[in-house]
Amino acid sequence: MRQPMLDEIKKELVQIVGPDRATDLPEHLVTYSYDAYTEEQRPDIVLFPITTQEVSAIMKVAHREAIPVTPRGAGTNLAGESVPIRGGIVVCLTKMDRILSIDAESLTATVEPGVINLDLQREAEKLGMMYPPDPASWAVATMGGTVATNAGGPRTLKYGVTKDYLLGLTVALADGNILRTGGRTLKNVTGYNLTTLICGSEGTLGIITEVVVRLIPKSPASRTMRADFKRLEDCSDAVAAIMAGGSVPAALELMDRFVVKAVEKSFNLGLPTDVEGILLIQLDGAPETLDREVRQVENALIDKNAKNIIIAKDSAETERLWLARRAAGPAVMRMRPNIITEDVTVPVSQLTAMIRKVTEIGERHGIQVGILAHAGDGNLHPCIVFDRRDKDEYKRVQTVCEELIPEALALGGTLSGEHGIGIAKAPFLRLEMDPVALQITQGIKNCFDPKGILNPGKFV
């Protein structure tokens, strides 16, 4: 157990950012002791820098004193990445929230790490552009956090994840040195791709203080559909049929009955509660091709026994259909005091098989599990609800999580599609990564952070 931070060290850190951007009050520390996962640990102090130089100065003190440092954005991550499990310093980047530039000619944006994902989306759309990565928490998730976890979202089926839009970074390293990677050009093969290396590293290699991303022209037209299925297997089989038919939807989302009922109970959106699953589908592209794609997808849905198909007639109906998906996470969270949102991913051809396994494992251990999925890329989010105060139930929940991972790997999948490793998946890395890969990963960590102070206990 680490000893509490000395008062003189705290004073030195407070001098860097000023007393109005630092706190060690117990009631404040509690609010930075957890994220959307189940573990909690209080830091010794929380600092709110507003410049790269302040982050660098903080890291120089931390490096000298070997103090653990946990970077944090909005804390929406789902695997414990921003939990300071060894205490020390939380560097909260939410006050670094400026959109520094949007270049419509070069199709790039430069932002600070505390910029909200949705805010960047809206500013880009004003100029006829879009930034495709759209995590479910986009209304609060910060750009620094989405880069640190290589976040995805519904639109990544067609458009890709964060790393596919990342051009350059400014990063404060463990010893306080400042690293700049990449640039503002769409093509850059100079040296090792350090930008991609840091993307998804969960704050274990450095603290991101500036982000350069590429934008793309906004699609000229889109259509949204909802399909309802009496059988969940027909619902998941329809996903493979759509993908095999040659259409690549911008988004293809699955919700099972448990999730649908939760959404309807909380938000009363008129969803059918007598079905086992629904699909939400967004197609986009040139107007002259959309009607053909809609018919093609509709035929695939009918072929897989869709009970009902709705095609949105206008933007208001489109927004209402997608509200069901955006509301799913909060709605399920209301069902029980605690939730773990899993993140196993399998090839689309194995989606139905994995859904069967999720259902069987939950039922066998007497645990309620709802299923959300970015179905088009095989990314399942089993939503495991429980009460952690019930020790027996929590033990069974942990068993469910442990059993899901080897089942996904046996189907050719991965233990995390987009939520990351953090605390939740760190014990299972050896099941997927071979000893050589683990050794190289540890070597990279040692090179960037020889004292092991950056987000310790995560990832490696």
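**Strands, sheets and packed helices**

Strand β8, which spans residues 166–172, is mostly covered, since seven of its seven residues are buried. The model described here is predicted, and this briefing begins with the partners of β8 before turning to two open sheets. One of these sheets is formed by four strands with mixed pairing, and another is formed by seven strands whose pairing is antiparallel. Strands of a sheet pair through backbone hydrogen bonds, in either a parallel or an antiparallel sense.

**Strand β8 and its partners**

- Strand β8 pairs with β10 (residues 207–214) in the antiparallel sense, and six bridges link the two; within this pairing, Gly168 has Val212 of β10 as its bridge partner.
- Strand β8 also pairs in the antiparallel sense with β9 (residues 178–182), here over five bridges, and Leu169 stands opposite Thr181 of β9.
- The strands β8 and β9 make up a hairpin in which five residues lie between them, and Gly176, located in the turn, has a positive phi of about 95°.

**The four-stranded sheet**

- The strand order in this open sheet is β1-β2-β4-β3, with mixed pairing, and its edge strands are β1 (22–23) and β3 (69–72), each of which pairs on one side only.
- Strand β1 is joined to β2 (residues 45–47) over two bridges in the antiparallel sense, and the bridge partner of Thr23 in β2 is Val46.
- Helix α1 (residues 7–17) packs on this sheet, where it touches β1, β2 and β4 (89–92), and the direction of the helix makes about 15° with that of β2.
- Helix α3 (residues 52–65) packs on the sheet as well, touching β2, β3 and β4, and its direction makes about 165° with that of β4.

**The seven-stranded sheet**

- In this open sheet the strands follow the order β15-β12-β14-β13-β17-β18-β16, and the pairing is antiparallel; the edge strands are β15 (306–311) and β16 (338–341), each pairing on one side only.
- From one strand to the next, the twist of this sheet averages 15°.
- The edge strand β16 runs antiparallel to β18 (residues 379–386), to which it is joined by four bridges, and Ile340 has Ile384 of β18 as its bridge partner.
- Helix α9 (residues 257–267) packs on this sheet and touches β13 (251–256), β14 (277–285), β17 (368–374) and β18, while the direction of the helix makes about 90° with that of β13.

Notes:
Residues are numbered from 1 along each chain as its sequence is written. This is a predicted model: local features need pLDDT of at least 70, side-chain atom pairs count only at pLDDT 80 or more; totals for chains, interfaces and linings use all residues. Side-chain values use heavy atoms; hydrogens and water are left out. Two strands pair if DSSP finds at least two bridges between them. Contact means heavy atoms within 4.5 Å. Axes are lines fitted to C-alpha atoms, for helices over the stretch in contact, and angles run from 0 to 180 degrees between N-to-C directions. Buried means under 20% relative accessible area, exposed over 50%, partly exposed in between (1.4 Å probe, protein chains only).
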